[in-house]
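User: Please take a close look at the part of this structure where the ligand sits, and describe its surroundings for someone new to it.

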Amino acid sequence: MLYILDTADLAAIKHCNEFYPLAGVTTNPSIISKEGGDFWALVKEIRKIIGKDKMLHVQTVQTTAEKMVEEAKLLKKELGGDFYVKIPIGEEGLKATMELKKLGIGVTMTAIFTPAQALIAAKAGASFVAPYVNRLDNIIGDGTEVVAQIVEQLENYNLDCQVLAASFKNAEQVHKCALYGCHTVTVSADILKNIISHPMTDAAIAGFEKDWAGAYGDKTILDM
Ligand code: E4P
């Protein structure tokens, strides 16, 4: 499973890109608006931090297929590298996805809440489908079960499309997605930190440090 960072916060991107096996960054209009300022400067800086080889997903703000395609082409030209345009599911979005497939521009079909939406997005040629796990959990919609059903459908029909699960509030949701064979998750920096944290790990490390210091003081292996 690949881990993507779901933010446009440059400090968080720099940190997580250095310390975690990050596959890229996802944004949406709400995430971009939270940072504010110059749009192009922000997304180009994200590309600079993660490099050309990691995925960058940026969402269109257009509402017609024609304009979505035009915006996707511009985003791809300006941001280059491993780029995906995020398009919300809908008739205009599906039309744009079929056109972008022909042009070789990757699409992440977003705002997915049902396996049926995901299946038709995959048939239109989306490279990724992004179900919103926590927003489903908020209405007792069992977000991780929806992810499991989408994974199963894509495998059953042998479709060239991956699940990029989104909208997480905790590490347990991410863990369940991993158990269900989800291909990619996009999460916050806090969730990444929670995934690697455990009080027993802290206790184990404290024990190693205490025992070593008892025998060798502040000397490390490099000093021996
Ligand atoms: C993906 O990028 C989605 O837009 C995002 O994960 C939604 O998350 P939220 O439900 O926390 O807004």
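**The ligand and its surroundings**

Analyst: The space taken by the ligand is the largest pocket, a pocket being an open set of points on a 1 Å grid over the protein atoms alone, with protein on both sides within 12 Å along at least five of seven lines; a molecule sits in a pocket if more than half of its atoms lie within 2 Å of its grid points. The model is predicted, with local features needing pLDDT of at least 70 and side-chain atom pairs counting only at pLDDT 80 or more, while totals for chains, interfaces and linings use all residues. Residues are numbered from 1 along each chain as its sequence is written, and side-chain values use heavy atoms, leaving out hydrogens and water.

Around the ligand, with a heavy atom within 4 Å of it, are Asp6, Thr26, Asn28, Lys86, Tyr132, Arg135, Ala166, Ser167 and Lys169. This shell divides into 2 nonpolar, 3 polar and 4 charged residues, where Asp, Glu, Lys and Arg count as charged.

Several of these residues make polar contacts, that is, pairs of N or O atoms within 3.5 Å. An oxygen atom of the ligand is 2.5 Å from an N or O atom in the side chain of Asp6, and for the side chain of Arg135 the corresponding distance from a ligand oxygen is 2.6 Å. In the side chain of Ser167, an N or O atom is 2.7 Å from an oxygen atom of the ligand. The protein covers 83% of the 340 Å² of accessible area that the ligand has on its own, as computed by the Shrake-Rupley method with a 1.4 Å probe.

Notes
Polar contact = N/O pair within 3.5 Å; in protein donor to acceptor, adjacent residues only side chain to side chain. 1 Å grid on protein atoms, 1.4 Å probe; cavity = no way out; pocket = protein on both sides within 12 Å on 5 of 7 lines; lining within 4 Å.
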